[in-house]
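Please open the model in your viewer and keep the selection panel at hand, since each stop of this tour begins with something to select.

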Amino acid sequence: MWDPQSQTYTGGNVPSHHSAMDIEDLLALNDGKLKIFGYGSLCWHPGSDGVLSLANIEEDEHGHDNPTNKNNDAATATKKSTRKVTTAPGRAIGYQRCWSQRSADHRGTPEFNGIVCTLLSDEEVWRLNNNNQQHHNGEDNDVAEPIMEDGMICRSMTERLVYTVDVDLVDECLAELDFREKGGYARDVIDVVEDDTGNTVKALLYRGTPDNPAFWKRVLLDLPLAAAIMSVAIGPSGPNDVYLLHLHSFLTHAAQHSASAALALQDHSGDFHTGELANMVKLLQTEYRPYFLFGAGSNEHNQLRLRSSYVGDCDGNDAVPSENDVLDDSSEVYELTEMLLAVPRKSDNDNAIAGAESSAGNVNHDPKSLHAGGGHSALLTHGGDLYLWGWNSAGQLGRQGSASKSIQGETSHLLSVGQPLSNVKVESVDLGHTHTLVIEQETGRLLGFGENGRGQVNGCASSSATNDLLHVPQTPKGLSEECFIDVAAGLFHSAAITRQGELVTWGCGRFGQCLDPIEIQTQYNNAASTVGRWRPDDSSKLVQVTCGRRHTAVLDEHGRVWTLGDNKYGQLGRTLDSAVSKGKPQLVDGPLGQAGSGCYAICSGWSHILALTRDVGSEAVNLYGWGRNDKGQLGMNSSQGYAAVPQLLKPCLDTDGSAAGIESDNRAVLIQSACCGAESSHVLDIDGNIYSTGWNEHGNLAVGYGSKSTECCSSWMATSGVRVVAPPPSNAERKLFAAGGAHMIAIAISMRRFEGSPLPTPGRSLL
């Protein structure tokens, strides 16, 4: 019986494959002895005790390494004849070694699985790869046939050890192997060619078939992700990389010393990836740093990095997201799935900004925040490296072309490596629909790049006097002497908070989302400036800003929320005669418009706003929301058009554990943080669970497939798919998340890493 908690079979027995013959029949074919084919750890580590440890792999291998030494052959044969367990090289016919089996009991844990190999038949591999290719091409016709040779299907040969066990040890050996291989493996019987004799024999093996509960198709089709996992995973039997590298070393030795094996492997190799994975693991442990992220929703611009990393450019328009670990070309993912961001351990920024680095000591590469825009995404580290990927049609990644480069190294596949924003150490960042704004570390300098058709990057009003696309980071005109503490990017406008607590806006102000511009001319072809400034009449300092599609909201030091812009859907949080509030910000209605509200964070979607408050003397977090709700953005169990004033929202758990509505206090979700997508809302609870509500057309709520993949959700629902976990060592985790136009991303970071360091900041997101 399979136990989903331990992710192993329980009861002392593993199942048998339908093709496996009875052990008694197998023994009868082999003169009463049990032949076992070992292709993974049995090649180099049968165990320190138990039946198979009675074999002497090194001595047996030495005898096969020197086939011309007759004296050595005779001596070895004499020794082997007295042993009850022996080994000899052999080849599995029609099977391939595949790295597609989760390991929760040996090279990983139930929390963070490692990866071990299995044997799949040529037909199984062919079906897996071609089903994926059929999805990738969007075809419904029959897929191509396997490779043929002289009119026959070319069968693979996978090299390694054949154990021969005396009959009196068979029962004990099987019991030991059943326990050892309980992580999803089943007994099977296959044809094996013995290298020494050329005879074909029947041998028992344990293999994980594609229908076993621990099969991991995603990593089979995405080698860089598999290599990254194996570079860090560790389990009760030791580090995952030791398993891989020892096996690779053993197989390399075998090919070098066995002519028959070398010839067979050259012509019909059943192992295409072990060497490549070993090389990539070494690169990821020495040259590159892996970040393990998770995402759902649209991958149209590869904003989820779900294209198989070695298939092509990471910043294009094709996509390979997954459903139940299946990579295809649907461009949408309806539940959380794994993402990999590999970055240089030593970046160009470290050289370009050596002075800043030396003054701060060792650079902290732990994630500080995640961000999501219209079709691009970002990860910011505490050390100031900003990694951007996804949509770059307007230069919103801060460079022309790809923000990744492909590293080939010693492998025939390409490892896509993300590059940080050049020559800038970043303190904070926000992603708009097609532009990006950053604040530089230490200096507080503001920089922007991306679409500039409304002056949302450089602050100039006349599009004829500006470049529509600005891929090189630059400071808005007239703000080069300013220092900033917060920044926000909307659809076509931008906003920031100065170190003195003043609001500055620029870009499109057609709907009142920007302040009236100061009457000055820039030095850029005499184009009029769109930059406006404001501070409350009582001189209170502003501390945070967020932008929507056509509105802006700011938070002051007293916990008051101010808004300006379009109020068509009540996103200004107050009842007005006019649908547009122009001129200057005004306070929202209700407690959030009063000093002492306890509000400490705000975030915005296209036409709705969320706010987090904390009562004095309490650690409990309250969630308020207002604005557009026709797609369920506020999770109020209805799709009424909008909420004109801030409403206290109480996401709660239904009886099945999913989130439902806002009514039941005794099952209320204990909120830690929140973020907005374009037309959706998301909260993270104190246990690290994510709940979502609102627009879900592209699966961006991550609530699952089938009946749950409704276009809109009017009540809070728990995300589904893989768990958001940190790589080891991690006893406790903190999670970050962000939502964008039609996607969501998340990451877990070990709390161990933050001893003596500031904690990561909540994700910022918008369009």
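The tour of this predicted model goes from a helix to the nonpolar cores and then to a loop.

Begin by selecting helix H5, residues 170–180, and colour its buried residues, which are Val170, Cys173, Leu174, Leu177, Asp178 and Arg180. Looking along the axis, you should find these residues on the same side of H5, because they cover an arc of only 160 degrees around it. Turn to the other side of H5, where Asp171 and Phe179 are exposed. To see what covers the buried residues of H5, add helix H1 (23–29) and the strands E3 (34–38), E9 (157–165), E10 (186–194) and E11 (200–207), which are included in that cover.

Next, select Leu34, Phe37, Leu52, Trp99, Tyr163, Val165 and Ile229, the residues with the most contacts inside the largest nonpolar core, which has 85 residues. Helix H7, residues 223–232, is worth displaying with them, as the element that gives the most to this core, with seven residues. Apart from this core lies another one, of 18 residues, and you can locate it by selecting some of its members, including Leu304, Tyr387, Leu736 and Ile749.

Finally, centre the view on Arg445, in the loop between strand E24 (435–440) and strand E25 (446–451). Arg445 counts as partly exposed because its relative accessibility is 32%. Which residues is Arg445 in contact with, leaving aside its neighbours within four places in sequence? They are Val438, Ile439, Glu440, Thr475 and Glu482. For Glu482, which is 37 residues apart from Arg445 along the chain, the separation between the two C-alpha atoms is 6.7 Å.

Notes
Residues numbered from 1 in each chain as written. Predicted model: local features only at pLDDT ≥ 70, side-chain atom pairs only at ≥ 80, totals over all residues. Heavy atoms only, no water. Buried < 20%, exposed > 50% of the residue type's maximum accessible area, 1.4 Å probe, protein only. Helix = DSSP H or I, 4+ residues; strand = E, 2+ residues; numbered from the N terminus. Arc of directions from axis to C-beta. Contact = heavy atoms within 4.5 Å. Core = buried A, V, L, I, M, F, W, Y, C linked by side-chain atoms within 4.5 Å.
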